[in-house]
Amino acid sequence: MSKTTTETEQPPAPDDAAAERLSTAPVESEGPVGIGAFGWARWMWRQLTSMRVALVLLFLLSLAAIPGSLIPQNGQNQFKVQTWKAQHTTVAPIYEKLQLFDVYSSVWFSAIYILLFVSLAGCIVPRTWQFVGVLRSQPPAAPRNLTRMPVHAAWRTTADAGTVNAAAHRLLRRRGFRAHLSGGAVAAEKGYLREVGNLLFHLSLFALLGGFAWSSLAAGTGGKLMVEGEGYSNTITQLDDFTGTRFYGSQDLDPFYLKLNGFTSEFQTKGDQIGAARQFTANVEYYGGSDQSKLKQSTIEVNHPLEIGGSKVYLIGHGYAPVITLKNGKGDVVYQGAVPFLPQDGNLTSTGVVKASDYGVGPDGNKTQMGFSGFFLPTAPLSFEGTGPVSLFPGAAAPELVLNAFAGDLGTDSGLPQNVYQLNTRKLTQLTQDGQPAKARLKPGQGWTLPDGYGSVTFEGYKQWASFNVTHRPGNEIALAGGVLAILGLIGSLFIQRRRIWVRAVALPGGGTQVELAGLARSESAKIAEELAELAVDLQDDAPASDGDDAPASDGDDEDDEDGAGRPAAAPEPDAVPDDPEAEASAPAVPADQNSKE
């Protein structure tokens, strides 16, 4: 075999501009775009649709989502928002003005969102049209001097030039290249899926943003807290809270009935993670619409919602509800029921209030109301000294109820809304016993005789409660599909190599044929050198290297090139044809499908 060279040094730029351009990204002009308002508008549009600005906007969007993950949101859990505001009274008004409790519907988040949406649209449309134009065109013609390309090989053979070109065309087509034979050379191109992956990534981001946008415009969220044994119908009057959007209001709620039959909670009882949650399961029954005969049993767990119609019911919270019975001084039951207490820490130390607005007449003969505030401790310590009323374990191993008693006006008759988890003591007087504020620690089944003849309180036991989030989000499926496709597109754009190969076989004046191969990749990779070497080996069957003449490949300096005998080698021109007309006539025909695409 004659001398064959394969080089990977960076060469001077190829002669043809088409050979240099392997990207379908729109060209950014650095020249002036005009003057006046139109010129500025055009410049701003180009900046907005550039990849640089799109990446900046995407980064800003990710930063803007951080407050939405760290700060409770009204659209997800208003109970947590109210609790957070009560605990951070100084910064809560500032956060309110900055819309940090409604991040995803805020003005500043929407502005970033819309700008990114427009930027992607302005980038995708011209890029797609340019890529379609590249697919419809032929691979760029071979440069004049193939030996100046980054990777090249050359040898001499006795085979006919037309036969060599036809064989190269056939081999490249077999390897999946889009090949074209004309002008005594074969131009082939491969790796279009790289740009397809790039476009798929951008389109998927567009779909992802579109899915989120549709979800924001046509989504609704409601909250409901239920104690074991309670149920509700999914209407605005029975929901604890509801947040709608422009295209989804209270009249669009999916009709269904849901009842909490029981709640199962399990916690680790030993080891380093003692107290860690191991199971939260809500056992429910439900039916869609108004047909009670279609009652079904199901369970709801964390991250495993129940789907009813177009809504999903998520389990978002859990706690205890002590069952309390209150009797007045005459022995009449004036209040009885389970009262949800809200957890304050990981061990479910819970606080709550009991409001008896129908207490009736007090010991002084005047109409009065009674209120109780206190703590429910699932596992109470033996003594509160040094720690106060705190729970030692989230499971109900030693439950206790701690109560303080108040009498007076609860303010429930004023018509103003009140928080059911807070007690307004402005018009209430705390009862006293032995000169100290009246309070009691009660275990299940124990009672407390109130001072001054106000009756008695009995701690009957406890139930568990669960809070649910009822969500209608029609754009989630679109966003999920966009996210998956974006990952696939990114994989394609990163791992698929866009590359071109040219083969030219030219008859030499002194006899024989000069065969030259060259390759060019969009990015530095050893793959193009490997493919060119494999092609050169496969082409030996149709164009074996001459044994008598060792001819080095041209190094780009035509004046120094010599043939195997020491004579200057002729520099073949791209359009050179064999001297022998019969050889030219006997050249194999070009395959019919010259425009095959990868």
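**Note on the predicted model: pockets, cavity, confidence and selected loop residues**

1. The largest pocket encloses about 1000 Å³ of space. The model is a predicted one, and the description of this pocket should be read with that in mind. Its lining is made up of 38 residues, and those that lie nearest the centre are Tyr104, Ser105, Phe212, Ser216 and Arg473.

2. As for the elements around the largest pocket, at least two lining residues each come from α3 (51–70), α6, α8 (192–217), β4 and β22, with α8 giving the most, namely 8 residues. By residue class, the lining of the largest pocket divides into 18 nonpolar, 17 polar and 3 charged residues.

3. The second largest pocket has a volume of about 520 Å³. It is lined by 23 residues, of which Lys80, Gly317, His318, Pro343 and Trp465 are the closest to its centre. Two or more lining residues are given by each of α4, β11 (311–327), β13 and β22, and the largest share of the lining of this second pocket, 5 residues, comes from α4. The lining of the second largest pocket comprises 14 nonpolar residues, 8 polar residues and 1 charged residue.

4. Turning to enclosed space, the count comes to 1 cavity of 30 Å³ or more, and the volume of the largest cavity is about 70 Å³. The lining of the largest cavity consists of 14 residues, with Gln76, Asn77, Gly223, Asp241 and Ile316 lying nearest its centre. The elements that contribute two or more residues to this lining are α4 (78–87), β4 (220–227) and β22 (456–472), and β4 gives the most, with 4 residues. The lining of the largest cavity holds 3 nonpolar, 9 polar and 2 charged residues.

5. The linings may also be read element by element. Strand β22 gives two or more residues to the lining of the largest cavity, supplies at least two to that of the largest pocket, and gives two or more to that of the second largest pocket. Strand β4 gives 4 residues to the lining of the largest cavity and supplies at least two to the lining of the largest pocket, while helix α4 gives 5 residues to the lining of the second largest pocket and two or more to that of the largest cavity.

6. On the chain as a whole, there are 11 helices and 24 strands, and of the 598 residues 43% are buried. Among contacts with a separation of 6 or more, 67% are between residues 24 or more positions apart. The accessible surface of the protein chain comes to about 30800 Å², and carbon and sulfur atoms account for 55% of this surface.

7. Confidence deserves a separate point. The protein chain averages a pLDDT of 83, and 85% of the residues score at least 70. The mean is highest in strand β9 (residues 296–301), at 96, and lowest in helix α11 (residues 581–585), at 36. Over residues 549–598 the pLDDT is below 50, although this stretch has 80 contacts in the model beyond near neighbours in sequence. The pLDDT also stays under 50 over residues 1–22, for which the model has 66 contacts beyond four places in sequence. Where pLDDT is low, the predicted coordinates should not be read in detail.

8. Two loop residues merit a check of their backbone. Most residues other than glycine have a negative phi. Glutamine 99, however, has a phi near 60°, a positive value in a residue other than glycine; its place is in the loop between α5 (92–97) and α6 (107–136). Leucine 348 likewise has a positive phi of about 60° although it is not a glycine, and its place is in the loop between β13 (342–343) and β14 (350–361). As to burial, glutamine 99 has a relative accessibility of 27% and therefore counts as partly exposed, whereas leucine 348 counts as buried because its relative accessibility is 10%, under the 20% cut-off.

9. Lysine 294 lies in the loop between β8 (277–288) and β9. Its relative accessible area is 54%, so lysine 294 is exposed, the cut-off being over 50%. With neighbours within four places in sequence left aside, lysine 294 is in contact with Tyr286 and Tyr287.

Conventions
Residues are numbered from 1 along each chain as its sequence is written. This is a predicted model: local features need pLDDT of at least 70, side-chain atom pairs count only at pLDDT 80 or more; totals for chains, interfaces and linings use all residues. Side-chain values use heavy atoms; hydrogens and water are left out. pLDDT is the predictor's confidence in each residue, from 0 to 100. Contact means heavy atoms within 4.5 Å. Buried means under 20% relative accessible area, exposed over 50%, partly exposed in between (1.4 Å probe, protein chains only). Accessible areas come from the Shrake-Rupley method with a 1.4 Å probe; for residues, only the protein chains shown count as cover. On a 1 Å grid over the protein atoms alone, a cavity is a set of points where a 1.4 Å probe fits but cannot get out, and a pocket is an open set with protein on both sides within 12 Å along at least five of seven lines; lining residues have an atom within 4 Å of a point. Grid points are joined across faces, edges and corners, and a volume is the space filled by probe spheres set on the points. Ala, Val, Leu, Ile, Met, Phe, Trp, Tyr, Cys and Pro count as nonpolar, Asp, Glu, Lys and Arg as charged, and the others, Gly among them, as polar.
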